[in-house]
Amino acid sequence: MKMKSENMTAPHIEEAEIERQRLLCDTIEKELFSRGFGKERRPGYYIQTFGCQQNEADSERMAGIAWMMGYRPVSDPAAAELILINTCAIREHAEKKALSIIGTYKHVKDKNPGVIIGVGGCMVAQKHRADQLKNSYPYVNFSFDPGALHLLPELIYHALTGGKRRFVSSDTYAVAEGLPTHQKQSFKAWLSIMYGCNNFCSYCIVPYVRGRERSRTPEAILEEARRLIDGGARDITLLGQNVNSYGKDIGSMDIAALMRQICALPGDFRLRFMTSHPKDASDALIAAMAEEEKIVPHFHLPVQSGSDTILRRMNRKYTAQEYLRIIDKLKSSVPDVSLTSDIIVGFPGETDADFQETLDMLAAVEYDAIFSFIYSPRKGTPAATMEGQIPREVSSRRFEQLLSLQHDISRARNQRFVGRTIRALCEEVSKTDPDKMTARSDSPRPIHFENNKGVPVGEYCNLEIVSADTFSLYGELK
C-alpha cells in the first residue's frame, strides 16, 4: 500500500558515526588483548534486562556490540568485566527493582574495581533517575538512554581507559542501522521495525523516554529479515511501541504491505507483531493476517478500559464500540484468531460502573489472555496529577475480580484446542525434568509435552492437544 509521499525518511544516525563506533570496538579489543585477554580468554559481559520486548531486542544489540569488542557472555555478574543493566520505566515498581539490583553490584565493584558498570534503557531517560545514579551510585561508570545505544563502544572505551563518569541524555532520537546483534536463540528473533510513540496516553511515560515515532526503511527491515531467516529464525516478531502505525512518518509503506513482503521471503518461519494501537488497526492489516499463512493468527490489541469515560481520560482516541467493531472484523476475517490485551485497573476517576464496563468488555471479546495492571502513577505524565486517584484497596479488589473472570474465560477458550493436532515450535527444555519440553504455536499459551522422540529445541513438531487449563496446553507427540 502506497502512502501520500515517498520522499520522507525518519532521522538516521550518520553512517560515519556508526563506523566510528565500529572502529572503537576494534580499539577496545586491542586494549583488552594488551591486558592479557584474547580470543582464548575473553573477558565476560553480563546483561540484565527489564521490561518489554523492545528492551529485549535492545539488549541483543548491546550483546552484539559487547561480542564485537571481544567480550563473551557469562551467567554470573560476579564473573563479568562488563555489566550492563537495561532498565524499564513503565511502572515505578520496575524502576525500584532495577535500582535495587544496581545496588547489589557495588559488591562486585568492591571485589573487582576494574569492572565497568553501565545503565541503559528507559529509566535513565528521566533526568531525576539519571541524576540519582550519578549522585547515589558512584560505582556506576555511565548511563545511556535508548537514543544513545549506538554510543556504547565510546562509553565503554572511555570507562576502560580511566575516563570520568558519563551520563548521556539524547537531544534527538534517530534510527541507528548496522548495529550488530547477538541473539539468545537463533530460531527465535525480535525484529524492530520502528521506535518511539506519538500517542501520549495520559498514563504512559514511553513518548517521553523513547521519543517520537520513527520507522526504519522497508529495505533495511527486509535485509535484516533475510539475515535472520538465513540464520535459522523460525519465529520472528516485529516490534514497535505502536507497531501498526509503521510507515506513517516515512510515507512509503504501511505495516500490512511490509508484512506481506516479509512473508514472501523464502523460508519456513512464522511472523508475529506487537504492540498495536486500536486506532491504527486497519482493514488492510486484518486482511493480511487472514490471507498470509506465515502470519500467526494472534492479535495483541490493548483496550486498557471498557469505559468511554476512562478511555477519554486515558487519551486513547477510540470508544469501546469502535474497539468492538475492530474485534468483530478480526473474528469475521480470521475465525480462529487468538486475542490478547492490556488492561489497567483503578485509573484515576474509575467508578464501579466504569469498572463493570471493563468486565463487560472481557465477556464480549473473550480474550485468550490479558496482561492486567493496577494503575501506577508515573512522574511526568498527566494522569499522575489527575483528581480521583483510586485507593489501593479498591484497585486491588477490582483487580482480583478482573483476574477471576478472565481465568474462567481463558480456561474455556483453551479447551477449543483439545483434540486438535498442532504444528508447534519447540522452545525450551523443562528446568525440572529434562524429558519434558515447552513448545509454542498460534495460541499465546505454551504447550507442555513429554519429549519421548528427542525433538531438538528450535525444531517444529506435531502435537495432539490432550488437555488444557487456564494458562497452558498439554500435548503428545504425533
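## Helix packing, an enclosed helix and a strand with two faces

Helix H8 (residues 255-263) packs against helix H9 (residues 283-291) at an angle of about 20°, and their axes lie 8 Å apart. The axes are lines fitted to C-alpha atoms, for helices over the stretch in contact, and angles run from 0 to 180 degrees between N-to-C directions. This is a predicted model, where local features need pLDDT of at least 70, side-chain atom pairs count only at pLDDT 80 or more, and totals for chains, interfaces and linings use all residues. Residues are numbered from 1 along each chain as its sequence is written, and side-chain values use heavy atoms, with hydrogens and water left out. Helices (H or I, at least four residues) and strands (E, at least two) are DSSP runs, numbered from the N terminus.

Two packed helices are described by the angle between their axes and the distance between the axes. H8 and H9 are therefore roughly parallel to each other. Angles under 35 degrees count as roughly parallel, over 145 as roughly antiparallel, 65 to 115 as roughly perpendicular and the rest as oblique. The crossing of H8 over H9 is left-handed, meaning that the near helix is turned anticlockwise from the far one by less than a right angle; clockwise would be right-handed. On the H8 side, Ile255, Ala256, Met259 and Arg260 make the contacts. They meet Ala284, Leu285, Ala287, Ala288 and Glu291 in H9. Contact means heavy atoms within 4.5 Å.

Now to helix H2 (residues 53-68). Its 16 residues reach 23 Å from the first C-alpha to the last, close to the 22 Å expected at 1.5 Å a residue. The expected span is 1.5 Å times one less than the number of residues. Twelve of the 16 residues of H2 are buried, so this helix is largely enclosed by the rest of the structure. Buried means under 20% relative accessible area, exposed over 50%, and partly exposed in between (1.4 Å probe, protein chains only). Among the buried residues are Asp58, Glu60, Arg61 and Met62. Just after H2, Gly70 takes a positive phi of about 110°.

Next come the loops. A cis peptide bond joins Met274 and Thr275, with omega of about 5°. Thr275 sits in the loop between strand S11 (270-274) and H9. Gln304 and Lys317 are set side by side below.

| Residue | Phi | Loop between | Relative accessible area |
|---|---|---|---|
| Gln304 | about 70° | S12 (298-300) and H10 (308-314) | 7%, buried |
| Lys317 | about 70° | H10 and H11 (320-333) | 44%, partly exposed |

Gln304 has this positive phi although it is not a glycine. Lys317 is not a glycine either, yet its phi is positive.

Last, the strands. In a regular strand the side chains alternate between the two faces of the sheet. Strand S17 (residues 447-450) has a covered face with Ile447 and Phe449. Its uncovered face holds His448 and Glu450. Strand S16 (residues 436-440) runs antiparallel to S17, joined by four bridges. Two strands pair if DSSP finds at least two bridges between them. S16 and S17 form a hairpin with six residues between them. S17 also pairs with strand S19 (residues 473-477), in the parallel sense, over three bridges. His448 stands opposite Thr438, and His448 also stands opposite Tyr474 in S19. Beyond S17, Asn452 lies in the loop that leads to strand S18 (460-468). Asn452 is exposed, at 56% relative accessible area.
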